[in-house]
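User: Please take a close look at one part of this model and describe the packing there in a connected account.

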Amino acid sequence: MEEGKRILATPLLDDNSLGDCSFFCENHLVAIELWKPKSNYHIPLFHTSHGRFTVPTTLHECSVGLPTFCNLDGSNLVNITQVDKIVTGDYGGGQVVFKNQDIKESINSANLSRWKQIYADAMNADREIRYIFGSEIKVVGKATVSGFFKVGNMLSVDMWEPKKNYYVPRFHSGDRSYTIGLTAQACREAFPYLYPAYKDTLINLDLVCEIESNAFGGLVRFEGSDFTCSMSHNKLKALKKLWK
């Protein structure tokens, strides 16, 4: 099976702790549920044939998982591969200027003194070919239709608060900004080919290997995954027609 898009994600380990941010392959996706890791967060949980993943929700996860991004000064990460030049300041620091953009980010004196090594490390990292599952932010606090955006095209990452006490990464690319995909609606829009098994749960029909009927409806099993999905009689009947 071809891998499809590599989607930026954080693995969920067997003990439900988070691993280092990496990716999963779209064609390995078995199902998506909404997950509640803490009281005010509901975020996607991706079941794949190679483990479970969720969206990165902290700047630390992005820092670990994005080797070409670096904290130069302040509370955001800068994509070093998108930097065109450095402009030094009068007080020991300076600014980085992005390629083909009228946008600058500050760099403190400590990082300015080691700029050559920072730049070399970013350029020697693996070429960034992953995608962000997210939504473009058109109006402050509002996101548009969800989809996929190339990580390598992003200039910087910071944190924002789409609703009270709910902080998630925000990616900037020139005059556009994107938020991480967080909702069931975002999942439906970005993965329109997945089948709505029941509320807030989507499944991949291509990876269904067995449908078991029972008194309550049925149970769906998938290739290469321990994940199972219970379904009502009506949903199961519709699923069988599509699956055949």
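Leaving aside neighbours within four places in sequence, which residues is Phe46 in contact with?

Analyst: The model is predicted, so local features need pLDDT of at least 70 and side-chain atom pairs pLDDT 80 or more, while totals for chains, interfaces and linings use all residues. Residues are numbered from 1 along each chain as its sequence is written, and side-chain values use heavy atoms, without hydrogens or water.

With those neighbours set aside, Phe46 is in contact (heavy atoms within 4.5 Å) with Phe24, Leu29, Ala31, Ile32, Gly51, Arg52, Phe53, Thr54, Val55, Phe133 and Phe191. Phe133 and Phe191 recur beside Phe46 in the largest nonpolar core: among its 38 residues, these three, together with Leu66, Val157 and Phe171, touch the most other members. Such a core joins buried Ala, Val, Leu, Ile, Met, Phe, Trp, Tyr and Cys residues through side-chain atoms within 4.5 Å; buried means under 20% relative accessible area, exposed over 50% (1.4 Å probe, protein chains only). Ala31, a contact of Phe46, belongs to a second, separate core of 16 residues, which also includes Tyr195, Leu207 and Ile211.

Burial also marks helix α3 (residues 115-124), where Trp115, Ile118 and Ala122 are buried. Viewed down the axis of α3, the buried residues fall within an arc of 65° and therefore line one face of the helix. Lys116 and Asn124, on the other side of α3, are exposed. The cover over the buried residues of α3 includes α2 (109-113) and the strands β6 (69-70), β8, β9 and β10. Helices (H or I, at least four residues) and strands (E, at least two) are DSSP runs numbered from the N terminus; the arc uses directions from the helix axis to the C-beta atoms.
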